[in-house]
Amino acid sequence: MARGRASVQLVCAGAVSLVLLLVTIIYNGSSPRYSLVRKVRLLEQQVEKLHEGIRLLEVLDAGGTKANEFHYDLSSPSTQKISRCETIHIAMVAAGYNTSRNVVTVVKSILFYRRNPLHFHFVSDAQAKITLSTVFETWQLPAIEVSIYSASEAAKQVSWIPNFHYSGIYGLLKLTLTEALPPHVDRIIVLDTDVTVCADVAELWQFFALMRQAGKLLGLVENQSDWYLGNLWERHRPWPALGRGVNTGVMLL
């Protein structure tokens, strides 16, 4: 964090020097005044934003206003708060050797930013179970719990569903999470194994409070790709979806 703040400060210093250089050019009459004034004002705004970034880093270094709370503005009437002691539950379907390697990448991206205790729930086959168990045992991470559920047992519940998904039966196993998870887990973030988390996962966890206020049970976003529209090329026939469909790569359940 200190290194990141130092880098931002160097950028700020460089931006300030550039502002002073442009001001000198203006008064020397070397370039049209109006254009340079606009550039100076733009650079001043950018420098101010960099200073805001430094102030934010200083607040994060200090642990926020209270050591056990993490604050994030979700444009809600009142600022949402998550206790630093609250456990965040995350679920993934992991089956096969290649998928296990992907899971390790996802988990590392989550751990890089996390502040809260985490409980990972994996629906895995026998091969992935060995890999994941070994990984977490050797890492010996603090405030981390891991639960692994049998993919073969879960598959029995959805094997009757017609399925043309490229991942086969494993593409349907997320449907079994409500049966596989223990009763005390009343909310969970469900992730695909090909995602990378680029911020504290607690920011996503906070949306549950808004969902509860609105009486919503499931959080999904619409697909951004045109693939599901079926018009990318001749005879393009994706599996059925309403409009673009919704993406289950990230779910709030």
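**Reading rings, strands and a buried proline**

User: Is Tyr113 buried, partly exposed or exposed, and how should I read its value?

Analyst: Tyr113 has a relative accessibility of 34% and is therefore classed as partly exposed, since that class lies between under 20% for buried and over 50% for exposed. Please keep in mind that the model is predicted. The neighbouring residue Phe112, at 66% relative accessibility, counts as exposed.

User: How many aromatic pairs are there, and which geometry do the rings of Phe112 and Tyr113 adopt?

Analyst: The general idea is to look at the distance between ring centres and then at the angle between ring planes, where over 60 degrees is read as edge-to-face. The count here is six aromatic pairs. For Phe112 and Tyr113 the planes stand at 80° with the centres 4.9 Å apart, so this pair is edge-to-face. Phe136 and Trp139 are read in the same manner: their planes are at 65° and their centres 5.7 Å apart, so they too make an edge-to-face pair.

User: Where do Phe136 and Trp139 lie, and which aromatic cluster contains them?

Analyst: Both residues belong to helix α4 (residues 126-139), where a spacing of three residues corresponds to about one turn of the helix. Phe136 is buried, with 12% relative accessibility, whereas Trp139, at 28%, is partly exposed. Together with Phe120 and Phe122 they form one aromatic cluster.

User: What holds strands together in a sheet, and what is the strand order of the open sheet here?

Analyst: In general, backbone hydrogen bonds link the strands of a sheet, and the pairing may be parallel or antiparallel. In this chain, six strands form an open sheet with mixed pairing, in the order β5-β4-β3-β6-β8-β7. The edges are taken by β5 (144-150) and β7 (219-222), each of which has a single partner strand, so that one side of each lacks a neighbour in the sheet. From one strand to the next, the twist averages 30°.

User: In which sense do β4 and β5 pair, and which helices should I examine against them?

Analyst: The pairing of β4 with β5 is parallel and runs over seven bridges, and within this region Phe122 is found opposite Ile148 in β5. Helix α4 packs on the sheet, where it touches β3 (88-94), β4 and β5, and its direction makes about 155° with that of β4. Helix α5 (residues 151-158), by contrast, lies across β4 and β5 and runs at about 55° to β5.

User: Where is Pro117 placed, and which residues does it touch beyond its sequence neighbourhood?

Analyst: Pro117 sits in the loop between α3 (97-113) and β4 (118-124). Its relative accessibility is 19%, and therefore it counts as buried, the cut-off being under 20%. Leaving aside residues up to four places away in sequence, Pro117 touches Arg84, Cys85, Glu86, Thr87, Ile88 and Ala143. One of these, Ile88, is 29 residues from Pro117 along the chain, yet their C-alpha atoms are separated by 6.3 Å.

User: What do the totals for the chain add, such as the share of buried residues?

Analyst: Of the 253 residues in the chain, 34% are buried, and the chain as a whole has eight helices and eight strands. Among contacts between residues at least 6 apart in sequence, 67% join residues at least 24 apart. The chain exposes about 15900 Å², of which 56% is supplied by carbon and sulfur atoms.

How values were computed: Residues are numbered from 1 along each chain as its sequence is written. This is a predicted model: local features need pLDDT of at least 70, side-chain atom pairs count only at pLDDT 80 or more; totals for chains, interfaces and linings use all residues. Side-chain values use heavy atoms; hydrogens and water are left out. Helices (H or I, at least four residues) and strands (E, at least two) are DSSP runs, numbered from the N terminus. Buried means under 20% relative accessible area, exposed over 50%, partly exposed in between (1.4 Å probe, protein chains only). Contact means heavy atoms within 4.5 Å. Accessible areas come from the Shrake-Rupley method with a 1.4 Å probe; for residues, only the protein chains shown count as cover. Rings of Phe, Tyr and Trp (its six-membered ring) pair if their centres lie within 6.5 Å; planes under 30 degrees apart count as stacked, over 60 as edge-to-face and the rest as tilted. Two strands pair if DSSP finds at least two bridges between them. Axes are lines fitted to C-alpha atoms, for helices over the stretch in contact, and angles run from 0 to 180 degrees between N-to-C directions.
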